[in-house]
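Please take a moment to look over the sequence and the structure before reading on. The paragraphs below then lead through the two chains step by step.

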Amino acid sequence: MHQYIIKRLLLMIPTLLGVAVLVFLMLRVAPGDIVEMKYAGTGAFAPKEALERERAQLGLDKPLWQQFANWMWGIVQLDFGTSMWTGRAITYEIGIRLELSLQLALMATFIAVLISVPLGTLAAIKQDSWVDYFVRVFSIAGLAIPSFWLGIIILLGFLIFFQWLPPLTFTSFWVDPRANLIQLIWPALAVGYRYSAVATRMTRSAVLEVLREDYVRTARAKGLGEWVVLIRHALKNAMLPVITVIGLEFAFLVGGLVVTEQVFNLNGIGKLFVEAISQRDYTMVQSLVLLTSFVFIFVNFMVDIINAFLDPRIRYQ
Amino acid sequence: MKHLTKKVIKVSVTGVSGILLLLVSLPLIAAQVGTPRSGGELVFAVGGTPPSFDGHRETTFAMLHPVAPHYSTLLRFDLFKYPKIVGDVAESWSVSKDGLTYIFKIRKGIQFHDGTPLTSKDVKATYDKIVFPPQGVASSRQAYYAMVDTIETPDANTVTFRLKRPSSSLLANLASPWNFIYKAELLEKDPRWYEKNVMGTGPFVFVEHVPGSHWVGKKNPNYFLKGRPYLDGYRAIFIRDTAPRVAAIRSGQALVEFRGFSPAARDDLVKALGNKIVVKESSWICNLTVVFNNEKKPFDDPRVRRALTLAIDRWEGSKALSQISLMKFVGGMFRPGAAFATPEAELVKLAGFSKNIEGSRREARRLLKEAGVPEGFSFTLKNRNIREPYEVTGVFVIDQWRQIGLNVTHIQQEGGPYFDDFRQGNYDAGIDFNCDFMDEPDYQLLKFLSSDKSPLNYARYKDPVLDDLYEKQGAAANLKERIKLLRQFEKRALDEQAYQFHILWWQKINPHWAKVRGYANVPSHYFMHLGDIWLAE
């Protein structure tokens, strides 16, 4: 098991390096740069020399290999550099937004799990009954409705009927839990519903498959109660693909809630991503891509570890 | 006697009740008639985030709106009597007869937020940074102060600007909202200190900035204008997208947005909030232009460019576009209604501004034929991928050109590639924009100078006649002479050569909660003097 974990951890390094090379090159290949966006974008009278001076100040006049090497050397020292747009440290810029994004991802995951596991299991047990049909309609609707659209509908409902909106600025849960939850519960519901739809369908099909396995039949033949069979034998095994789906979705939520964050004006990683891309803030985009890649890889790793814990066969492989 | 006592009591009760009623209703009356009231926090939305906090360096309103309330400037525009210029930290000023020396007397008793006094040394250090920035320090508007030779401080309360040549625009430039007065001592230690820190003499003291979220300021109790500011503080909330910004106003979480909304957003807010909302509308010192790549055939031919401006029905376009977009006012080089604007009777004589569109289009077809441009000629129009007002305007212009037999493809691009293509000359025609903080020919004509003189000119042409007229108008001895030169410039740039031309000028629509008072209706979104604003409730 230890060897397995070490091997997986070491594999992260070349993956992240590959991501770093790709994002670095792709940003440089795209036409237009941050200096152009900063000055031409606002119609400022900036002579060519001023633009060149600004580029030199940002280190954009250096050869590409040198820019890349500087960036990598910084990362090795855990220095992600400064945002080319604001001049502030990238760790600071990301840090103040990460709490919101992580909390939102956790809340959406909690809502999704709370809905999907019982509903998916129920639908599997009651296959082809009205309960199953209801769950299927509910989950297909969740897949079909984009979470940002649901967010817009929630906000419009509040505005039209109550002339009210959730708070526009973030308050940490540790400072004021009520204000925090009043702001984040709505986007968490909007995102959690879509997320739960994916997990519900996965739970239903996994439980259905497991319920047909020999060991479940054996358990029933031994005279175990239906609930014991379901919870102790079927559900534990059915959870393997569900955990994988939940893990991947969680990783996506940390940096992928771009539109939902804009709809609710949430100061999270997704919104920062969009702003950084539109401003051509190279250092910020590079760091954000690395961060989200790391989250993806790390969550995948954790999912594998949990799966290995749940299924001993994985450890032996 | 009893009757008299009763009468006295009745009169007294009536009198006291009247006085009490008057006392109770005074604040209400005051609020209604507009007597300023102190207190409250103004929450406003900002459609962007400040890159740095340095006004001398930045060019976006997203920096000005949250940061400017912490600072004073040497002069400023009186927003209620725009474009009148008044002193801010300057108490008075005088100009020498030859127009080469400007002497400013600085008010005494002005303090920075850390309690230290402001002197002429701070004003000099500020303008030295703007006009003669040290190595590695960006000054975005340095070019507008090219006429300044030296800045001197004969004493602690006097600043003298000596010029190389007379300038018609120096005073207005010294009233620029970007020119925050900084502390000399801090600049001496680090000329880039102000990029990440705040220390001014303005009506509000810095409290907090959470990047991407909000900015907070509180009343400066030692502000040099007694009785100001009225507000206890302000909170600027950064909301990048229009829909959540409109929703923020509608819900009352933000009371105002100082940039401007579209007609649709205005109608939405008015419908939802009724008389709780007030809408201020004016023309805006912003416009969209059509730019041609003058190095590419057939756009190197003035007949073709003239035909393309002649085809556009600006008067009818104004009626239609103003219903759905920011585009509204028909104007030439200067904002319609501004002091320098060409009167309508003269404007209609310029190519493309005539009200006889049939006649203009006949002439356009003739010119195209003469230039050898065939019927159905195809080219591309590059535009930004921003719906309002770019996309709408692109569609409008293409339709106008279709009516003289041209076939134009609309290419919408994200900011990066769009500016890159413009800079590299990788385009046929494009939609460009211009937004200035004040009505000043030195600013509005810049885009039309030769492209080696103006980085704002993407049209890739050189015209020494325009460059010469620009210099002359900037140093004109009087307004009459200046206007004469401006008309010549306009005629050559828009009519004879039509290198690039205006489509329409924008309308500025500012819906805000009725309880926000003291907000002046000015044609620029770069001005919002929070020191004048107060809340009626």
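**A walk through the two chains**

In chain B, strand β13 and strand β17 (residues 500-513) run antiparallel and are joined by two bridges. The model in which this pairing is seen is a predicted one, and the pairing itself can be followed down to single residues, since the bridge partner of B:Met327 in β17(B) is B:Trp506. Strands of a sheet pair through backbone hydrogen bonds, either parallel or antiparallel.

This pair belongs to a wider arrangement, for six strands of chain B form an open sheet in the order β13-β17-β12-β16-β14-β15, with mixed pairing. Why does one side of β13 and of β15 in chain B lack a neighbour in the sheet? The reason is that β13 (327-329) and β15 (407-413) of chain B stand at the edges, where each has a single partner strand, so one side of each is left without a neighbour. If direction is ignored, neighbouring strands of this sheet are turned against each other by 40 degrees on average.

Another place to look in chain B is strand β10 (residues 233-238), which is mostly covered, as five of its six residues are buried. Two strands that pair with β10(B) can be picked out here, and they do so in opposite senses: strand β1 (residues 41-46) of chain B pairs with β10(B) in the parallel sense over six bridges, whereas strand β9 (residues 214-219) of chain B runs antiparallel to β10(B) and is joined to it by five bridges. On the parallel side, B:Leu42 has B:Tyr234 as its bridge partner in β10(B), while on the antiparallel side the partner of B:Val216 in β10(B) is B:Arg235.

Some residues of these strands appear again in the nonpolar core. In soluble globular proteins, nonpolar side chains tend to be buried together. The largest nonpolar core of this model has 222 residues, and those that touch the most other members are B:Leu42, B:Phe44 and B:Ile237. Helix α8 (residues 177-211) of chain A gives the most to this core, with 14 residues. Leaving aside residues up to four places away in sequence, B:Phe44 touches B:Tyr234 and B:Ala236, and also B:Ala254, B:Leu255, B:Val256, B:Glu257 and B:Phe258.

Chain A is built in another way, with 14 helices and zero strands. Its C-alpha atoms fill a box of roughly 85 × 60 × 35 Å, taken along the principal axes, and buried residues make up 38% of its 317 residues. Among the contacts in chain A with a separation of 6 or more, 73% are between residues 24 or more positions apart.

Where do the two chains meet? In the model, 43 residues of chain A are in contact with 37 residues of chain B. On the side of chain A that touches chain B, two or more residues each come from α2 (34-39), α3 (48-57), α5 (90-125), α7 (147-162), α11 (258-263) and α12 (269-278) of chain A. Sorted by class, this side of chain A has 20 nonpolar, 13 polar and 10 charged residues.

A few details of the backbone deserve a closer look. Most residues other than glycine have a negative phi, and most peptide bonds are trans. A cis peptide bond, however, joins B:Tyr82 and B:Pro83, with omega at about 10 degrees, and B:Pro83 lies in the loop between β2 (75-77) and β3 (85-87) of chain B. Another cis peptide bond joins B:Glu388 and B:Pro389, with omega at about 0 degrees, and here B:Pro389 lies in helix α12 (residues 387-402) of chain B.

Positive phi values are found in both chains, at A:Asp128 with about 65 degrees and at B:Ala498 with a value near 45 degrees. A:Asp128 is found in the loop between α5 and α6 (130-144) of chain A, and B:Ala498 in the loop between α16 (479-496) and β17 of chain B. Are these two residues buried or exposed? A:Asp128 counts as exposed because it has 9 C-beta neighbours inside 10 Å, whereas B:Ala498 is buried, with 23 other C-beta atoms within 10 Å.

Finally, the confidence of the prediction should be kept in mind. Chain A averages a pLDDT of 89, and 99% of its residues score at least 70. Within chain A, confidence is highest in α6(A), at 94, and lowest in helix α14 (residues 312-316), at a mean of 66.

Terms used:
Residues are numbered from 1 along each chain as its sequence is written. Chains are lettered from A and ligands numbered from 1 in the order in which they are written. This is a predicted model: local features need pLDDT of at least 70, side-chain atom pairs count only at pLDDT 80 or more; totals for chains, interfaces and linings use all residues. Helices (H or I, at least four residues) and strands (E, at least two) are DSSP runs, numbered from the N terminus. A residue is buried if 20 or more other C-beta atoms lie within 10 Å of its own, exposed if 12 or fewer, and partly exposed in between; C-beta atoms are placed from the backbone. Two residues are in contact if their C-beta atoms, placed from the backbone, lie within 7 Å. Ala, Val, Leu, Ile, Met, Phe, Trp, Tyr, Cys and Pro count as nonpolar, Asp, Glu, Lys and Arg as charged, and the others, Gly among them, as polar. Two strands pair if DSSP finds at least two bridges between them. Axes are lines fitted to C-alpha atoms, for helices over the stretch in contact, and angles run from 0 to 180 degrees between N-to-C directions. pLDDT is the predictor's confidence in each residue, from 0 to 100. A nonpolar core is a set of buried Ala, Val, Leu, Ile, Met, Phe, Trp, Tyr and Cys residues joined through C-beta atoms within 7 Å.
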